[in-house]
Amino acid sequence: MDCFNTIEALIEAGGASAVAEARALLSQFKGSSQALSDAVDEFLLELMTLAFLLEAGREAFHHSARRSARIRLSRVKLLLS
(Lines give C-alpha, C1' and ligand atoms only; values in the text may rest on other atoms or scores of the structure.)
Protein backbone atom coordinates (compact mmCIF):
# COMPACT_ATOMS: atom_id res chain seq x y z
CA MET A 1 0.00 0.00 0.00
CA ASP A 2 2.47 2.56 -1.23
CA CYS A 3 -0.26 5.19 -1.52
CA PHE A 4 -0.42 5.36 2.28
CA ASN A 5 3.26 6.26 2.49
CA THR A 6 2.57 9.07 0.05
CA ILE A 7 -0.43 10.19 2.08
CA GLU A 8 1.64 10.18 5.28
CA ALA A 9 4.09 12.51 3.54
CA LEU A 10 1.18 14.71 2.46
CA ILE A 11 0.06 15.00 6.07
CA GLU A 12 3.51 16.29 6.95
CA ALA A 13 3.52 18.71 4.02
CA GLY A 14 -0.04 19.94 4.44
CA GLY A 15 -1.52 22.58 2.17
CA ALA A 16 -4.31 22.67 -0.37
CA SER A 17 -2.39 20.62 -2.92
CA ALA A 18 -1.98 17.86 -0.32
CA VAL A 19 -5.76 17.59 -0.06
CA ALA A 20 -6.18 17.27 -3.81
CA GLU A 21 -3.42 14.66 -4.06
CA ALA A 22 -4.80 12.62 -1.15
CA ARG A 23 -8.28 12.77 -2.64
CA ALA A 24 -6.95 11.44 -5.95
CA LEU A 25 -5.03 8.63 -4.24
CA LEU A 26 -7.99 7.56 -2.10
CA SER A 27 -10.56 7.79 -4.87
CA GLN A 28 -9.69 4.22 -5.87
CA PHE A 29 -11.16 2.97 -2.56
CA LYS A 30 -14.36 5.00 -2.45
CA GLY A 31 -17.47 3.01 -3.21
CA SER A 32 -16.02 -0.26 -1.87
CA SER A 33 -18.28 0.03 1.16
CA GLN A 34 -20.21 2.76 2.90
CA ALA A 35 -17.99 2.53 5.98
CA LEU A 36 -14.85 2.92 3.88
CA SER A 37 -16.33 5.83 1.92
CA ASP A 38 -17.24 7.53 5.19
CA ALA A 39 -13.74 6.94 6.60
CA VAL A 40 -12.14 8.44 3.48
CA ASP A 41 -14.43 11.47 3.72
CA GLU A 42 -13.60 11.94 7.40
CA PHE A 43 -9.88 11.72 6.68
CA LEU A 44 -10.14 14.27 3.88
CA LEU A 45 -12.03 16.61 6.20
CA GLU A 46 -9.23 16.33 8.77
CA LEU A 47 -6.65 17.02 6.07
CA MET A 48 -8.62 20.08 4.93
CA THR A 49 -8.66 21.30 8.52
CA LEU A 50 -4.90 20.85 8.70
CA ALA A 51 -4.46 22.78 5.44
CA PHE A 52 -6.61 25.60 6.81
CA LEU A 53 -4.61 25.77 10.04
CA LEU A 54 -1.33 25.81 8.13
CA GLU A 55 -2.51 28.59 5.84
CA ALA A 56 -3.93 30.58 8.74
CA GLY A 57 -0.63 30.32 10.61
CA ARG A 58 -2.18 28.66 13.64
CA GLU A 59 1.03 26.88 14.65
CA ALA A 60 -0.27 25.88 18.07
CA PHE A 61 -2.74 23.50 16.40
CA HIS A 62 -0.51 21.93 13.72
CA HIS A 63 0.60 18.96 15.81
CA SER A 64 -2.93 18.14 16.97
CA ALA A 65 -4.35 18.45 13.46
CA ARG A 66 -1.66 16.16 12.02
CA ARG A 67 -2.29 13.63 14.78
CA SER A 68 -6.02 13.71 14.11
CA ALA A 69 -5.44 13.21 10.36
CA ARG A 70 -3.19 10.22 11.08
CA ILE A 71 -5.84 8.68 13.32
CA ARG A 72 -8.46 9.05 10.57
CA LEU A 73 -6.05 7.58 8.02
CA SER A 74 -5.45 4.58 10.28
CA ARG A 75 -9.21 3.91 10.22
CA VAL A 76 -9.10 3.83 6.42
CA LYS A 77 -6.20 1.37 6.59
CA LEU A 78 -8.04 -0.85 9.05
CA LEU A 79 -11.12 -0.97 6.86
CA LEU A 80 -9.00 -2.03 3.89
CA SER A 81 -7.29 -4.88 5.73
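In this predicted model, helices α1 and α2 pack at an angle of about 165°, with their axes 10 Å apart. Because that angle is over 145°, α1 is roughly antiparallel to α2. The crossing of α1 and α2 is left-handed. On the α1 side, the residues that meet α2 are C3, F4, T6, I7 and L10, and their counterparts in α2 are A18, E21, A22, L25 and L26. By class, this contact comprises 8 nonpolar residues, 1 polar residue and 1 charged residue.

**Packing of α1 against α4**

Helix α1, residues 2-13, also packs with helix α4, residues 62-80; the angle is about 165° and the axes are 10 Å apart. That angle therefore makes α1 roughly antiparallel to α4. The crossing of α1 and α4 is right-handed, whereas that of α1 and α2 is left-handed. From α1, the contact draws on F4, I7, E8, I11, E12 and A13, while α4 supplies R66, A69, R70, L73, V76, K77 and L80. Sorted by class, the residues of the contact of α1 with α4 are 8 nonpolar, no polar and 5 charged. F4 and I7 are among the α1 residues that meet α4, and F4 and I7 are also among those that meet α2.

**The aromatic pair**

The count of aromatic pairs comes to 1. F4 and F29 form this pair, which is stacked, with 6.0 Å centre to centre and 5° between the planes. The pair links distant parts of the chain: F4 belongs to helix α1, F29 to the loop between α2 (16-26) and α3 (34-56), and the two are 25 residues apart. F4 counts as buried because its relative accessibility is 4%, a value under the 20% cut-off. F29, at 12% relative accessibility, therefore counts as buried as well.

**Selected residues of α3 and α4**

R66 lies in helix α4. Is this arginine, R66, buried or exposed? Its relative accessibility is 15%, so R66 counts as buried. Leaving aside neighbours within four places in sequence, R66 is in contact with I11, E12, A13, L50 and L54. I11, E12 and A13 also appear among the α1 residues that meet α4.

A69 is likewise located in helix α4. With a relative accessible area of 0%, A69 is buried. Not counting residues up to four places away in sequence, A69 touches I11, F43 and E46.

E46 is found in helix α3. E46 has a relative accessible area of 18% and is therefore buried. With neighbours within four places in sequence left aside, the contacts of E46 are S68, A69 and R72. The contact between E46 and A69 thus appears in the list for A69 and in the list for E46.

D38 also lies in helix α3. D38 is partly exposed, because its relative accessible area is 31%, a value between the cut-offs of 20% and 50%.

**Separations in sequence and in space**

The following table sets out the C-alpha to C-alpha distances for three residue pairs that involve residues described above.

| Residue pair | Separation in sequence | C-alpha to C-alpha distance |
|---|---|---|
| R66 and L50 | 16 residues | 6.6 Å |
| D38 and L26 | 12 residues | 12 Å |
| A69 and F52 | 17 residues | 13 Å |

The pair R66 and L50, 6.6 Å apart in space, is also a contact, since L50 is listed among the residues that R66 is in contact with. F52 is 13 Å from A69, C-alpha to C-alpha, and the contacts of A69 outside its sequence neighbours are I11, F43 and E46. L26, which stands 12 Å from D38 in space, is one of the α2 residues that meet α1.

Definitions and conventions
Residues are numbered from 1 along each chain as its sequence is written. This is a predicted model: local features need pLDDT of at least 70, side-chain atom pairs count only at pLDDT 80 or more; totals for chains, interfaces and linings use all residues. Side-chain values use heavy atoms; hydrogens and water are left out. Axes are lines fitted to C-alpha atoms, for helices over the stretch in contact, and angles run from 0 to 180 degrees between N-to-C directions. Helices (H or I, at least four residues) and strands (E, at least two) are DSSP runs, numbered from the N terminus. Angles under 35 degrees count as roughly parallel, over 145 as roughly antiparallel, 65 to 115 as roughly perpendicular and the rest as oblique. A crossing is left-handed if the near helix is turned anticlockwise from the far one by less than a right angle, and right-handed if clockwise. Contact means heavy atoms within 4.5 Å. Ala, Val, Leu, Ile, Met, Phe, Trp, Tyr, Cys and Pro count as nonpolar, Asp, Glu, Lys and Arg as charged, and the others, Gly among them, as polar. Rings of Phe, Tyr and Trp (its six-membered ring) pair if their centres lie within 6.5 Å; planes under 30 degrees apart count as stacked, over 60 as edge-to-face and the rest as tilted. Buried means under 20% relative accessible area, exposed over 50%, partly exposed in between (1.4 Å probe, protein chains only).
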